[in-house]
Amino acid sequence: MLPPILFNLFNGLIDTVKLEQTIRTTLAHVATIANCKLIADITDDTILLQSGLDSLGFAMLVAQLEEDLGIDPFSQMQIAVYPRTFAEFVTIYRQAQQDGND
Amino acid sequence: MDLLQQLQHANYSSAALSSDGSVSYQQLIAGALAIRQQYPQLQQQGVALRYSTLPQFLMALLAFDGWCSALYLLPETDLDIPEQVRHWPCEPSVIQHTTRSSQETLWYLATSGTTGTPKWIAHTFASLSRAVKIAADQSTLHWGLCYQPTRFAGLQVLLQSVLSGACISDCSSGDAEQRIEMMLSSGITALSATPSLWRQLLMTGRLNQLPLIQLTLGGEIADQALLNKLARLFPSARVLHIYASTEVGVGFAVSDQQAGFPLSWLDTRHSGLAFKIDEQQHLWLKPRHTPDSNLARRLDSEGYMDTGDLVHIQGNRVQFLGRDSGIINVGGNKVHPEQVEQVILQIANVLQAKVYAKASSVLGQLVVADIVVTSDTDRAKLQPQLVVHCQQHLARYQIPTRFNFVDHLSTNATGKLNRKDPHG
């Protein structure tokens, strides 16, 4: 059996992968409705505003994720933080989920 | 004094604008005089002006204000102009004499109107330039133009820059990355943009590299998180959020970096305006100047005018909630729910449609539609059909970002859609 600390770490990793998958699925879905053509390969370093999603598409992504995940990290901030890359975007959601669980 | 006379009088020796190269105030004045010389047939005529480049546009404004009877600033969308109005640029005239008399020019700007149909609204140069601040520290600014200069907000920035002797660069096209690139290479120090555009510029991660000393937010409700972020990035800059009711023709600026405006303004005048809130939570303003005659009939007995903006009092602030008319503001673009509903109702299977706003942390508001469809409708098939139909008939920002299938939509006593309840 895994020691508790490793168990928690492992679970955390699974959550992160799940979260990123949800975001990727939602992104693809929103791009279709928003009539945006996403670039073929979105990686951690992809700059969001150059992913093919424009500001309206990005707003729709945040709105849809609020429905899917129940959180909108951008509406809860005291001081706004805006992500530049895809990895930064995922991190903001992961942080918001953790804050919600604490 | 017309615009050209004001600049001749001010005699600024610096650069008026920079794009590929820079153009000085003296060059602008010379260019404007040359246009008057070359096109004498336009004097005392109505002229319609389309935006091409900033130097050309600015020279034409200088040439035509106080020279033509009317100046129509053509928006990107088609809007009819009266038949006798001439388009500019046009062929030069063969007649080479000009008279020197100056005349008051009416400036016509396109607005989306209350029904969603664009219409022309006449302004005088005096009313357009009323908010311009002329001071020594203003003349050293380098403005980035983020709005189309043929629209009210863009023209305000342009006039502020030119009348105060500052420099301006066109940053009104391209995506946020391209714009920030342009701003960085021009060394922009003053910027006026919608909160939505500020958020996009923040997303580039490079906004902090701009040496900004004046930041203005307008066209949408400015939220506290964004104000905090900008104030933290530019601690010694002036951060203003402006409220303007172009319909009422008045506005004011809030400079304390707090969302909304101070509650105390309801007791004391501010920016030449008196404020009050009625039982329906509408903000009423009483301007110092008597407004144009077509607005005068909208004044109440005390001289206040209904802005149609909903507000609420929170602690010692008055906060904005949005438009009472239901007009949706998507990143500064106004959407009329009725116009979108008409398009959705063109689809045979749709029996009823209600379009309303959903709050967005990115663009302020997004468009959402509740629809009632016939019982035999295949909803999975209808969804993409709705999207395609809307794409054909509406601008992108007008298209509902979400269609909710509902069983019924409630109507009020007059049989109209109940717009007060967002989910009925």
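**Exercise 1.** Why is helix α3 (residues 54-64) of chain B largely enclosed by the rest of the structure? Work this out for the predicted model from the burial of the helix's residues.

*Solution.* Begin with the cut-off, by which a residue is buried if 20 or more other C-beta atoms lie within 10 Å of its own. Next, apply this to α3(B), where Leu54(B), Pro55(B), Leu58(B), Met59(B), Ala60(B), Leu61(B), Leu62(B), Ala63(B) and Phe64(B) are buried. Because nine of the 11 residues of helix α3 of chain B are buried, the helix is largely enclosed by the rest of the structure. Finally, look past the end of the helix, since α3(B) is followed by Gly66(B), whose phi is positive, near 80 degrees.

**Exercise 2.** Describe the fold of chain A, and state how the confidence of the prediction varies among its elements.

*Solution.* First, list the elements: chain A has three helices and zero strands, and from the N terminus on they run α-α-α. Second, consider the extent of the chain, whose C-alpha atoms fill a box of roughly 50 × 35 × 25 Å, taken along the principal axes. Third, turn to burial and contacts: of the 102 residues of chain A, 26% count as buried, and among its contacts between residues at least 6 apart in sequence, 60% join residues at least 24 apart. Fourth, assess the confidence, for which chain A averages a pLDDT of 87, with 93% of the residues scoring at least 70. Among the elements of chain A, helix α1 (residues 4-33) has the lowest mean pLDDT, 82, whereas α2(A) has the highest, 93.

**Exercise 3.** Determine how many residues each chain brings to the contact between chains A and B, and characterise the side that belongs to chain A.

*Solution.* Start with the counts, which are 23 residues from chain A and 27 residues from chain B. On the side of chain A that touches chain B, helix α2 (residues 55-69) of chain A gives the most, with seven residues. Sorting the residues of this side of chain A by character then yields 15 nonpolar, five polar and three charged.

**Exercise 4.** Trace the order of the strands in the five-stranded open sheet of chain B, and identify its edges.

*Solution.* Read across the sheet first: the order is β14-β18-β17-β16-β15 (chain B), and the pairing is antiparallel. The edge strands are β14 (261-262) and β15 (273-277) of chain B, each of which pairs on one side only. Then examine one pairing within the sheet, where three bridges join strand β16 (residues 282-287) of chain B to the antiparallel strand β17 (residues 305-314) of chain B. At the level of residues, Leu285(B) has Met305(B) as its bridge partner in β17(B).

Methods. Residues numbered from 1 in each chain as written. Chains lettered and ligands numbered in written order. Predicted model: local features only at pLDDT ≥ 70, side-chain atom pairs only at ≥ 80, totals over all residues. Buried ≥ 20, exposed ≤ 12 C-beta atoms within 10 Å, placed from the backbone. Helix = DSSP H or I, 4+ residues; strand = E, 2+ residues; numbered from the N terminus. Contact = placed C-beta atoms within 7 Å. Nonpolar A, V, L, I, M, F, W, Y, C, P; charged D, E, K, R; others polar. Pairing = 2+ DSSP bridges. pLDDT = per-residue confidence, 0-100.
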